[in-house]
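Here are some short exercises to work through with the model open beside you. Try each task before you read its solution.

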Amino acid sequence: MKSRTNTYLKAIYETSYTQRWTCNKQLATMLSVLPGSVTEAVNRLILQKLVVKNKG
């Protein structure tokens, strides 16, 4: 896996561990990136079947 993928997966794990969910805004703040960058990265992770996105 690429370093960026690892970084996003780790951030998702860390933010969702205590509250069992996370949002793009939290990830963007944690990683100091724009929310649009998080959206693109998460969509790539979904296509790779590394994460699952639930609405609501």
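**Exercise 1: Two neighbours in one helix**

Task: find what T5 touches, and decide whether T5 and T7 are buried, partly exposed or exposed.

Solution. Start with the contacts: leaving out residues up to four places away in sequence, T5 touches L45, Q48 and L50, where contact means heavy atoms within 4.5 Å. Before going on, a word on the ground rules: this is a predicted model, where local features need pLDDT of at least 70 and side-chain atom pairs count only at pLDDT 80 or more, while totals for chains, interfaces and linings use all residues. Residues are numbered from 1 along each chain as its sequence is written, and side-chain values use heavy atoms, with hydrogens and water left out.

Next, place the residues. T5 is found in helix 1, and T7 is in helix 1 too; helices here are DSSP runs (H or I, at least four residues; strands are E, at least two), numbered from the N terminus.

Now look at accessibility. T5 has 15% relative accessibility, so T5 counts as buried. T7 has 38%, so T7 counts as partly exposed. The cut-offs are under 20% relative accessible area for buried, over 50% for exposed, and partly exposed in between (1.4 Å probe, protein chains only).

**Exercise 2: How two helices meet**

Task: work out how helix 1 and helix 3 are oriented to each other, and which residues meet.

Solution. First, the geometry: the axes of helix 1 (residues 3-19) and helix 3 (residues 35-47) come within 11 Å and cross at roughly 95°. Axes are lines fitted to C-alpha atoms, for helices over the stretch in contact, with angles from 0 to 180 degrees between N-to-C directions.

Then name the arrangement. Helix 1 and helix 3 are therefore roughly perpendicular, the label for 65 to 115 degrees (under 35 is roughly parallel, over 145 roughly antiparallel, the rest oblique).

Last, list the partners: R4, T5, Y8, L9 and I12 of helix 1 meet S37, V38, A41, R44 and L45 of helix 3. Sorted by type, the residues of this contact are 6 nonpolar, 2 polar and 2 charged. Nonpolar covers Ala, Val, Leu, Ile, Met, Phe, Trp, Tyr, Cys and Pro; charged covers Asp, Glu, Lys and Arg; the others, Gly among them, are polar.

**Exercise 3: The whole chain**

Task: what elements does the protein chain have, and how much of it is buried?

Solution. Count the elements: there are 3 helices and 0 strands, running α-α-α from the N terminus on. Then check burial: 23% of the 56 residues count as buried.
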